[in-house]
Amino acid sequence: MAQMFYAQDCNLEYLMGKKIAIVGYGSQGHAHALNLRDSGCDVVVALYEGSKSWKKAEAAGLTRVPHEQVPATEQHWPYSEIFERQMRTELGPDTEVRVR
């Protein structure tokens, strides 16, 4: 059975005081942006010019920015950190993990 996590299981202090850019506003971006915003985080949605999602994000009250305004140097993908801290010890020595 899957383990469920809720807001009380998280420490949002790591995200407070930082601007979080969600790139795209499809099914996943939409859910992440609204969840983070509703949790009190500072969220912007990065979209390409002419995106059909621009008005949807606007209707949800989210700040929208052209995706070019989210510099690559500011993007942070913590998957390797999460893997090392939380998963490595659970995997056997012959386990291979691939992330796309």
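Begin the tour by selecting D38, an exposed residue with a relative accessible area of 58%, and keep in mind from this first stop onward that the model is predicted. D38 forms a salt bridge with R37, and the closest N and O atoms of the two are 3.1 Å apart. Select R37 as well: this residue is partly exposed, its relative accessible area being 30%.

Before going further, colour the chain by pLDDT. The average over the chain is 80, and 75% of the residues score at least 70. Among the elements of the chain, helix 2 has the highest mean pLDDT, at 92, whereas helix 3, made of residues 79-87, has the lowest, at 63.

Next, bring up the sheet. Its 3 strands form an open sheet in the order 1-2-3, with parallel pairing. Strand 1 (19-23) and strand 3 (63-66) are the edge strands, each of which pairs on one side only. If you look across the sheet, neighbouring strands are turned by 35° against each other on average, when direction is ignored. Now add helix 1, residues 27-38, which packs on the sheet and touches both strand 1 and strand 2; the direction of this helix makes about 160° with that of strand 1.

Stay with the sheet and select residues 42-47, which make up strand 2; 4 bridges join this strand to strand 3, and the two run parallel. Within this pairing, pick out L47, which stands opposite P66 in strand 3.

Which two side chains tie strand 2 to strand 1 through a salt bridge? Select D42 and K19, whose side chains meet in a salt bridge at 3.1 Å, N to O. Because D42 lies in strand 2 and K19 in strand 1, the pair ties together parts that are 23 residues apart in sequence. D42 is partly exposed, with a relative accessible area of 39%, while K19, at 56% relative accessibility, counts as exposed.

A search of the whole structure finds 3 salt bridges, and one of them remains to be visited. Select E58 and R64, which form a salt bridge with their closest N and O atoms 3.8 Å apart. E58 is partly exposed, with a relative accessible area of 41%, and R64, at 22% relative accessibility, also counts as partly exposed; the cut-off for a buried residue is under 20%, so a value of 22% does not qualify as buried.

Now turn to the interior. Select I20, I22, Y25, A33, L34, L36, C41, V43, V45, L47, A57 and L62, the 12 residues of the largest nonpolar core. Strand 1, helix 1 and strand 2 each supply at least two residues of this core. In soluble globular proteins, nonpolar side chains tend to be buried together.

To see how one member of the core is surrounded, centre the view on L62. Not counting residues up to four places away in sequence, L62 touches Y25, A33, L34, R37, V45 and A57. R37 is the residue already selected at the start of the tour as the salt-bridge partner of D38.

For the last stop, select S53, which lies in helix 2, residues 53-59. Is S53 buried or exposed? With a relative accessible area of 14%, S53 is buried. Leaving aside its neighbours within four places in sequence, S53 is in contact with Y25 and L47, and both of these contacts appear among the residues of the largest nonpolar core.

Conventions. Residues are numbered from 1 along each chain as its sequence is written. Side-chain values use heavy atoms; hydrogens and water are left out. Two strands pair if DSSP finds at least two bridges between them. Axes are lines fitted to C-alpha atoms, for helices over the stretch in contact, and angles run from 0 to 180 degrees between N-to-C directions. Contact means heavy atoms within 4.5 Å. Buried means under 20% relative accessible area, exposed over 50%, partly exposed in between (1.4 Å probe, protein chains only). pLDDT is the predictor's confidence in each residue, from 0 to 100. A salt bridge is a side-chain nitrogen of Lys or Arg within 4 Å of a carboxyl oxygen of Asp or Glu. A nonpolar core is a set of buried Ala, Val, Leu, Ile, Met, Phe, Trp, Tyr and Cys residues joined through side-chain atoms within 4.5 Å.
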